[in-house]
Amino acid sequence: MVLLSLILLPILLLLLYFIVRPRPVTIPIKNRHVFITGGSSGIGLALAQQAASQGARVSLLARSLNKLQEAKESIRRSSGLDVAIFSADVRDHDAVQKAVNDAGPIDVLVVNQGVFVPQELEKQGLDEIKFMIDVNLMGSFNVIKAALPLMKERKDRLPASISLISSQAGQVGIYGYTAYSASKFGLRGLAEALQQEVIADNIHVSVVYPPDTDTPGFEKENEVRPELTKLLAGSSGSMKADEVAKKALDGIKSGSFTVPCNFEGHMLAIATAGLSPQRSFLMAFIEVASVGVLRLVGLFFQWNWYQTIENWHAKKNRT
């Protein structure tokens, strides 16, 4: 009887979900305004190039005007297309608001800015912790608050998008990522609540979870990572910025709430699905059917990580 209940309950829940689930959505990119923060390099620049090549009108925001001009020229050389650029610090709401007003109504907002200073909490200065939280989390609030009123007033009423670029460190905490993970975990809470607030305006929220990505910033970060961080985080591998951008743009266009970028990311997305929105009936079924197995796999990884930490400290104490 218990076994039968365990089999029937997921089926009944999935049938109920199929009846009440949100409808699939397609968010058009062509001839629409895509505004990307942190757009002067890395994932942001790759997203800008791909969106522009698909016919979007692209605006980029970043702190460095010189880097923005280089990004603009790079896109012009690769695609023959022009983009608008705006220099502002996402920590400064007034500056962001001015840039957004100058850029005009936004159809697809990509909140991509991010900074990462890996270090154990005990050794990390409060100024570095505050810097990461201010840019990664508070900066996201500043950008969204600046853009949202005009997004709600857009004339075409086609589906619009707000996308937050998080990290796999926003799905699972890793040694040396204490402040960074906190700033990225916060984006999911922001996104889940925001989606409920804007769904009536046909605005769809996505959270993208890239792994380590080969960018100029990542090269610098890797030089100062604690040794244990390299041992634990290196297991997921890295991706090219163009690859992450393609996954992100595909997820944005399909209105997906959770957008993983590689195999490990898909496993983490299923394991940490919780109460996050899910548009795909197939993915909902996979989440329900595999949650127990993935919890076991997750425990295995946790045991392995803690064993690695224990062995590293034992080795260090012997030297």
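The exercises below work through a predicted model, each with a stepwise solution.

Residues are numbered from 1 along each chain as its sequence is written, and side-chain values use heavy atoms, with hydrogens and water left out. Because the model is predicted, local features need pLDDT of at least 70 and side-chain atom pairs count only at pLDDT 80 or more, whereas totals for chains, interfaces and linings use all residues.

**Exercise 1. Helix α5**

Task: Determine what span is expected for helix α5 and where the helix bends.

Solution. Step one is to fix the element: helices (H or I, at least four residues) and strands (E, at least two) are DSSP runs, numbered from the N terminus, and α5 covers residues 126–152, which makes 27 residues. Step two is to apply the rule that the expected span is 1.5 Å times one less than the number of residues, so that α5 should span 39 Å, in agreement with the 37 Å between its end C-alpha atoms. Step three is the bend, taken as the angle between axes fitted to the seven residues ending at a residue and the seven starting there; for α5 this angle is about 35° at Met-138.

**Exercise 2. The largest nonpolar core**

Task: Find which residues have the most contacts inside the largest nonpolar core, and which element supplies the largest share of this core.

Solution. Begin with the criterion: a nonpolar core is a set of buried Ala, Val, Leu, Ile, Met, Phe, Trp, Tyr and Cys residues joined through side-chain atoms within 4.5 Å, where buried means under 20% relative accessible area, exposed over 50%, and partly exposed in between (1.4 Å probe, protein chains only). The largest such core has 49 residues, and those with the most contacts inside it are Phe-35, Leu-109, Ile-144, Met-151, Ile-162, Leu-164 and Leu-194. Next, list the contributors: at least two residues of this core come from each of α4 (93–103), β4 (108–111), α5, β5 (160–165), α6 (178–198), β6 (203–209), α8 (227–233) and α11. The largest share, 10 residues, is supplied by α5.

**Exercise 3. Salt bridges**

Task: State how many salt bridges the model has, and then examine the pairs of Asp-82, Arg-91 and Asp-214.

Solution. A salt bridge is counted when a side-chain nitrogen of Lys or Arg lies within 4 Å of a carboxyl oxygen of Asp or Glu, and the count comes to 13. For Asp-82, the partner is Lys-72, at 3.8 Å from N to O; Asp-82 sits in the loop between α3 (65–79) and β3 (84–87), while Lys-72 belongs to helix α3, 10 residues apart. Lys-72 counts as partly exposed because its relative accessibility is 22%, and a network of salt bridges links Lys-72, Glu-73, Arg-76 and Asp-82. For Arg-91, the partner is Asp-89, with an N to O distance of 2.7 Å, and Arg-91 is partly exposed at 38%. For Asp-214, the closest N and O atoms of the bridge to Lys-240 are 3.7 Å apart; since Asp-214 lies in strand β7 (residues 212–214) and Lys-240 in strand β8 (residues 238–240), this pair ties together parts that are 26 residues apart in sequence. The relative accessible area of Asp-214 is 33%, so Asp-214 is partly exposed.

**Exercise 4. A nonpolar surface patch**

Task: Identify which residues make the nonpolar surface patch of about 540 Å², and classify Trp-303 as buried or exposed.

Solution. Patches are made of residues with over 30% relative accessible area and no salt bridge, like charges being joined within 9 Å and nonpolar side chains (Val, Leu, Ile, Met, Phe, Trp, Tyr) within 5 Å; accessible areas come from the Shrake-Rupley method with a 1.4 Å probe, and for residues only the protein chains shown count as cover. The patch is made by Val-293, Val-297, Phe-300, Phe-301 and Trp-303. Trp-303 is placed in helix α11 (residues 281–318), and its relative accessibility of 56% makes it exposed.

**Exercise 5. Positive phi values**

Task: Compare the settings of Asn-31 and Asn-202, and give the phi of each.

Solution. As background, most residues other than glycine have a negative phi. Asn-31, in the loop between α1 (2–20) and β1, has a positive phi near 65° and is exposed at 65% relative accessible area. Asn-202, in the loop between α6 and β6, has a positive phi of about 60°, and at 26% relative accessibility Asn-202 counts as partly exposed.
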